[in-house]
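Colleague: I have a model open on my screen and I'd like to learn how to read it. Can you walk me through it, feature by feature?

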Amino acid sequence: MIVLGRRIQMEQRMAVPKSAVVIVPVVSVIAALVVGGVFLALTGHPPVRTYLDLLDNGYTSFYGITDTLGLATPLICTGLAAAFAFRMNLYSIGQEGQMYLGMIGGAWAGIVLADSLPPLIAVPSVLLFGALAGAAWIAVPAFLRARLGTSEIVSTLLLNYVALNLVNYFIFGSQGFFRDPTTSFPQGRAVADSARLSPLSFFTEKSTNTYPTFFVAVLLAVMLFWFMRVSNYGYETAVYADSPNTARYAGMSSAWLQSSVLLVSGALAGVGGAMYVVGPAGKVDPGLLQVGLGYAGIVVAALARYNFLAVVLAAVLFAGLRTGGNALQVSNDPVPIAIAVVLQGAVLLFALGGELFRRNKVTLVRVQKATT
Amino acid sequence: MVTSASMQHDEKGALALAARGVTKRFPGVVANDQVNFDLARGEVHTLLGENGAGKSTLASVLCGLYRPEAGQVVRDGKEIRLNSPRDGLAHGIAMVHQHFRLVDRFTVAENVVLGHKSLSFVLATAEIEAKVAAITEEFGLPLDPRAVVGELSAGERQRVEIVKALYQGAEILLLDEPTALLAPPEVEKLFSTVRAMTHVGKSVVFVSHKLGEVVDISDRITVMRGGRVTGSVRRGEADVRRLAELMVGREINIVPRRAKSQVGDVLLSASQVHLERDGAAMLTDINLEVRGGEIVGVAGVAGNGQRDLAEVIAGLRTPQQGNVTVCGTPTAGHGARGARRAGLAYVPEDRLGTGLAPSMSIRDNLLLTRERNFLVDRKSALHEAETFIKQLEIKTPGPLTPTRKLSGGNAQKVLLARELFAVSGARVLVVCSPTRGLDVGAVETVHALLDEARDAGKAI
């Protein structure tokens with residue numbers, strides 16, 4: 001028998017071992033760091049020190065972690081939005097646009113309603129209107145999907161561009177309602193003070209970029225996790241996701257399930273945009289357009305494997321890479337932001353690639369010449 | 001009775017293919033335990049056994065799809081190592097799977113050459129079609145090489161698979177449950193093809209759990225149970241009862257009981273039901289009455305409207321005309337939930353994928369047709385699942401096992417248990433092909449369950 005070489009052989013695992021659930025993601029992240037390290041070394045930056053800087057600026061220093069949590073706040077919402085829809089095999093990628101609309105809707109409520117209300121009511125109403133606006137933005141794709149079977153991927157994606165231009169129009173293209181009337185500088189009209197929250201200080205004298213909305217986002221994740229586990233609604237969506245035929249057999253309405261899931265998804269992304277209003281922005285702020293937190297939500301949902309609790313962790317991990325990467329840009333030995341983006345991409349690729357190892361048993365086998 | 005071990009290369013032809021001590025494990029089960037099997041040239045050798053007996057596993061080992069942990073595959077007297085079905089093909093071994101592996105949008109000819117190594121960049125379509133036509137001619141496989149596979153019937157698709165195997169030069173064909181999807185006349189056609197193939201010296205392994213048909217076609221029958229070979233008989237020695245006992249490992253009662261039961265009031269009635277689907281009349285003026293304590297059968301070749309009738313009664317389809325009454329409540333147009341509330345239970349033909357949610361646990365599947373409140377009561381469903389598993393001897397690691405991991409018979413038990421003994425207490429049952437694809441032992445259980453429900457005064 002002649003050994004010709006080795007070949008990778010894959011077999012589907014019948015049961016996923018418990019250890020793989022932990023080991024695979026950890027190894028994925030390490031592998032991503034190694035790949036990123038190669039890029040760092042190639043561009044003349046010492047990988048280990050750069051990573052330590054990144055860790056410090058993204059997670060372990062006081063300002064690092066508070067910046068990260070602040071950035072993670074809307075990201076948790078868009079991540080939940082994506083996870084909520086993807087679990088039902090509805091691939092809405094409109095979180096970006098719904099988030100902008102959430103910002104617009106929230107700002108509207110903050111300008112119009114909040115003045116006469118105490119903060120305890122004003123802030124929730126801003127979030128509520130953000131949710132409504134986000135849901136409204138997905139209403140047409142949801143209706144098309146549920147009634148006519150139109151692909152939600154295309155319709156939600158295209159509406160992102162409409163939303164983007166809508167924000168630009170409100171701030172740069174017109175002297176409308178959302179534009180600050182007190183200055184000729186193009187910026188948004190500020191919402192009432194009662195509709196804003198002050199940043200958390202975490203028992204220090206320092207001012208941070210984390211807002212109490214972070215805890216609202218975490219609470220949303222926990223509530224969704226619990227609700228979808230114990231409720232009939234969670235049960236029906238799980239049946240539908242597993243087998244639409246079975247759902248039909250049991251008398252569930254696919255139109256209701258599909259449209260309601262999409263609407264809730266839109267509302268979650270909208271809340272994320274409204275949190276931006278309540279927290280750092282205080283107005284319709286085109287600055288949000290630069291960050292891409294809606295699309296990042298899809299990545300976060302994928303990393304979390306659509307688990308609502310894991311979305312929180314994935315969002316913090318992802319936001320940390322972003323804030324840490326930003327900080328490296330302005331350090332003594334500036335590392336281009338592109339490297340941080342490479343790292344994010346590598347984390348995602350390896351995390352998704354790791355799925356293969358979780359689901360399959362991969363072995364190296366000798367390829368032998370078959371003797372006939 | 002002759003055991004497999006003592007079977008030698010007999011007079012019918014030289015030994016073409018053999019398995020020697022093949023062992024294949026899957027997590028939690030030994031699918032094949034030291035299995036010996038051999039196949040002579042020009043022979044039809046049937047592997048018979050219940051679902052989960054290890055027949056398909058053995059066939060998959062023989063064609064190179066699975067690699068066994070121990071044992072050898074011997075072809076023409078030499079040991080061969082098969083790392084993939086492609087290696088199998090190189091040795092002239094091809095398998096036709098129970099679930100076809102064809103591209104719906106391709107034509108017959110395109111599917112036949114799919115995956116063939118020696119394809120030129122531009123397909124020599126005319127040449128391929130001519131070759132395909134020659135094969136269909138020789139082996140009596142009527143097919144139009146230019147037909148699009150998506151438009152073919154199950155029987156025709158199977159012929160495409162067989163033609164594909166022959167086109168690739170297969171000398172040994174492994175047919176996995178080839179008759180499962182076929183109507184009786186198509187089975188006859190398949191059998192004549194099998195005979196034509198053995199006539200020219202090709203060998204066929206016929207994997208089946210249907211006793212009746214294998215006796216006709218086989219030169220030899222090897223029975224498997226629980227991953228082991230339990231016996232082997234030659235043509236002419238085959239006795240249906242004896243084979244059945246080898247399959248299930250105990251005495252069985254093949255003839256269903258026809259107990260006299262008290263017939264009660266009309267519980268289900270359908271009158272002048274007329275259903276059109278996509279402009280075609282599926283049901284025309286159907287009248288049906290079923291009384292309590294009575295089982296009424298609706299028979300016919302598949303595709304003649306039995307399924308539509310069942311779906312109308314179950315409330316899944318709304319008829320254009322006519323009425324359906326369940327326990328005195330009109331249900332037509334009230335949806336599946338309306339029909340259930342009136343006291344109807346429905347066991348659809350497609351177990352996994354319609355009757356059950358395949359990735360969900362037994363426990364969660366029991367919740368499917370219950371009335372559910374805002375919060376789901378998983379605790380009582382868990383208790384119910386445990387009771388069913390015990391009472392009906394459902395073979396499973398536990399109530400949280402996904403139903404797709406159950407064998408066909410055990411999945412059907414879960415489904416029947418839910419519909420028969422549902423807490424809601426349905427009094428009318430609609431059951432579609434409840435024994436399709438099940439082995440003898442499971443068929444017996446299904447019949448017993450239905451008899452029991454009938455005796456309890458339900459209308460079926």
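Modeller: Sure. Let's begin with how stretches get their names: helices and strands are DSSP runs, numbered from the N terminus, with at least four residues for a helix and at least two for a strand. Keep in mind that this is a predicted model.

Colleague: Then where does A:Asn89 sit?

Modeller: A:Asn89 falls in the loop of chain A that runs between helix H3 (62–87) and helix H4 (95–112). Its phi is near 60°, a positive value in a residue other than glycine.

Colleague: Is A:Asn89 buried or exposed?

Modeller: In between. Buried means under 20% relative accessible area and exposed means over 50%, so A:Asn89, with 39%, counts as partly exposed.

Colleague: Which residue in chain B has a positive phi near 45°?

Modeller: That's B:Glu177, again a residue other than glycine. You'll find B:Glu177 in the loop between strand S7 (172–176) and H6 of chain B. B:Glu177 has a relative accessible area of 7%, so it is buried.

Colleague: Let's try another loop. What can you say about A:Gln175?

Modeller: A:Gln175 is in the loop of chain A between helix H6 (152–173) and helix H7 (213–230). Its relative accessible area is 60%, so A:Gln175 is exposed. A:Pro186 is 11 residues from A:Gln175 in sequence, and the two C-alpha atoms are 8.9 Å apart in space.

Colleague: And what about a helix residue, say A:Ala314?

Modeller: A:Ala314 belongs to helix H13 of chain A. At 8% relative accessibility, A:Ala314 counts as buried. From A:Ala314 to A:Ala301 is 13 residues along the sequence and 7.7 Å in space, C-alpha to C-alpha.

Colleague: Now cavities. How many are there of 30 Å³ or more?

Modeller: A cavity is space where a 1.4 Å probe fits but cannot get out. By that rule there are 5 cavities of 30 Å³ or more. The largest cavity holds about 90 Å³, and the second largest has about 70 Å³.

Colleague: Which parts of the chain line the largest cavity?

Modeller: Four helices of chain A each give at least two lining residues: helix H1 (18–42), helix H2 (47–60), helix H13 (308–329) and helix H14 (337–359). Among the lining residues are A:Leu40, A:Thr50, A:Tyr51, A:Leu328 and A:Ile339. By class, this lining has 9 nonpolar, 3 polar and no charged residues. Domain 1 (1–43 + 337–372) and domain 2 (60–335) of chain A each contribute at least three residues to the lining.

Colleague: What does the side chain of A:Thr50 reach?

Modeller: The backbone oxygen of A:Pro46, at 2.6 Å. A:Thr50 is in helix H2 of chain A and is buried, because its relative accessible area is 5%.

Colleague: How is the second largest cavity lined?

Modeller: Its lining includes B:Gly140, B:Gln158, B:Arg159, B:Glu186 and B:Lys189. By class there are 4 nonpolar, 4 polar and 3 charged residues. Helix H5 (154–167) and helix H6 (184–199) of chain B each supply at least two of the lining residues, and H6(B) gives the most, with 4 residues.

Colleague: Last one: how many disulfides are there over all chains?

Modeller: For a disulfide, two cysteine sulfur atoms must lie within 2.5 Å. The count over all chains is 0. As for individual cysteines, A:Cys77 is buried with a relative accessible area of 0%, and B:Cys63 also counts as buried, at 4%.

Key
Residues are numbered from 1 along each chain as its sequence is written. Chains are lettered from A and ligands numbered from 1 in the order in which they are written. This is a predicted model: local features need pLDDT of at least 70, side-chain atom pairs count only at pLDDT 80 or more; totals for chains, interfaces and linings use all residues. Side-chain values use heavy atoms; hydrogens and water are left out. On a 1 Å grid over the protein atoms alone, a cavity is a set of points where a 1.4 Å probe fits but cannot get out, and a pocket is an open set with protein on both sides within 12 Å along at least five of seven lines; lining residues have an atom within 4 Å of a point. Grid points are joined across faces, edges and corners, and a volume is the space filled by probe spheres set on the points. Ala, Val, Leu, Ile, Met, Phe, Trp, Tyr, Cys and Pro count as nonpolar, Asp, Glu, Lys and Arg as charged, and the others, Gly among them, as polar. Domain bounds come from an automatic or database domain assignment. Buried means under 20% relative accessible area, exposed over 50%, partly exposed in between (1.4 Å probe, protein chains only). A polar contact is a pair of N or O atoms within 3.5 Å; within protein, one must be able to donate a hydrogen and the other to accept it, and residues adjacent in sequence count only if both atoms are side-chain atoms.
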